[in-house]
Amino acid sequence: MPMKVMDATLSNFDGVFDKFKAEAPNYKANLILFLADKDPATSLSWCPDCVRAEPVIYKKLEVSSDDIALLRAYVGDRPTWRNPQHPWRVDSTFKLRGVPTLVRWENGAIKGRLEDHEAHIEQKIDALVAAT
């Protein structure tokens, strides 16, 4: 089964996340990747760590033999993300501190996470995907 990718923004996250959770039992690994939005002027992420980590994460997930669901959750533009009251910063479940953040979602909870400074490290991505 190829990797299933779903995209969400702040405005539609709850609905997409509900669908992601409902389909989670169909996959061996369920991951949520919190990312910075693309800058409309350049079509590139405004976040240098996201630019560095995204290709590595996608490469590792695409070559995995596991059935993987990936929810890409876009945090917004730089001013939106920098707000200390950003919904995912203050959310009791996610408690985001940086982007990108890759989390493993299992049985209704976060079972592991890679934050901005480590989300591009291949061995850590492999370990997060393989976690049981």
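# An open mixed sheet with helices packed on it

Strand 6 and strand 7 pair in the antiparallel sense, joined by 5 bridges, where two strands are taken to pair if DSSP finds at least two bridges between them, and where helices (H or I, at least four residues) and strands (E, at least two) are DSSP runs numbered from the N terminus. The model is a predicted one, in which local features need pLDDT of at least 70 and side-chain atom pairs count only at pLDDT 80 or more, whereas totals for chains, interfaces and linings use all residues. Residues are numbered from 1 along each chain as its sequence is written, and side-chain values use heavy atoms, with hydrogens and water left out.

## The sheet

Within the pair formed by strands 6 and 7, Trp105 stands opposite Ile110 of strand 7. The hairpin of these two strands has 2 residues between the strands, and Asn107 takes a positive phi near 50 degrees there.

The open sheet is formed by 5 strands in the order 1-5-2-6-7, with mixed pairing. Strand 1 (4-9) and strand 7 (109-114) stand at the edges with a single partner strand each, so one side of each lacks a neighbour in the sheet. Neighbouring strands of the sheet are turned against each other by 25 degrees on average, direction ignored; here axes are lines fitted to C-alpha atoms, for helices over the stretch in contact, and angles run from 0 to 180 degrees between N-to-C directions.

Strand 2 (residues 29-35) and strand 5 (residues 68-74) run parallel and are joined by 7 bridges, and strand 1 also pairs with strand 5 in the parallel sense, over 6 bridges. The table lists residues that face each other across these pairings.

| Residue | Partner residue and its strand |
|---|---|
| Val5 | Leu70, strand 5 |
| Phe34 | Ala73, strand 5 |
| Leu35 | Tyr74, strand 5 |

In a regular strand the side chains alternate between the two faces of the sheet. Strand 5 has both faces covered, with Ile68, Leu70, Arg72 and Tyr74 buried on one side and Ala69, Leu71 and Ala73 buried on the other, buried meaning under 20% relative accessible area, exposed over 50%, and partly exposed in between (1.4 Å probe, protein chains only). Because 7 of the 7 residues of strand 5 are buried, this strand is largely enclosed by the rest of the structure.

In strand 2 lies Asn30, which is buried with a relative accessible area of 4%. A polar atom of the Asn30 side chain lies 3.1 Å from the backbone oxygen of Ala24. Residues up to four places away in sequence not being counted, Asn30 touches Phe20, Ala24, Ala69, Val103, Arg104 and Trp105, contact meaning heavy atoms within 4.5 Å.

## The helices

Helix 1 has Phe13, Val16, Phe17, Phe20 and Glu23 as buried residues. These cover an arc of only 130 degrees around the axis, which puts them on the same side of helix 1, the arc being that of the directions from the helix axis to the C-beta atoms. On the other side of helix 1, Asp14 and Ala22 are exposed. The cover over the buried residues of helix 1 includes strand 1, strand 2, strand 5, helix 4 (87-90) and strand 6.

Helix 5 (residues 122-130) buries Ile125, Leu128 and Val129. Its buried residues fall within an arc of 95 degrees when seen down the axis, so they line one face of helix 5. The exposed residues Gln123 and Ala127 are carried on the face of helix 5 turned away from its buried side. Strand 2, helix 2, strand 5, strand 6 and strand 7 are the elements against which the buried residues of helix 5 pack.

Helix 2 contains Ile57, a buried residue with a relative accessible area of 0%. Neighbours within four places in sequence left aside, Ile57 is in contact with Leu33, Leu102, Ala119 and Ile125. Between Ile57 and Thr80, which are 23 residues apart in sequence, the C-alpha to C-alpha distance is 24 Å.

## Cysteines

The structure holds 0 disulfides, a disulfide being a pair of cysteine sulfur atoms within 2.5 Å. Cys47 counts as buried at 5% relative accessibility, and Cys50 counts as buried at 0%.

Note on methods. Polar contact = N/O pair within 3.5 Å; in protein donor to acceptor, adjacent residues only side chain to side chain.
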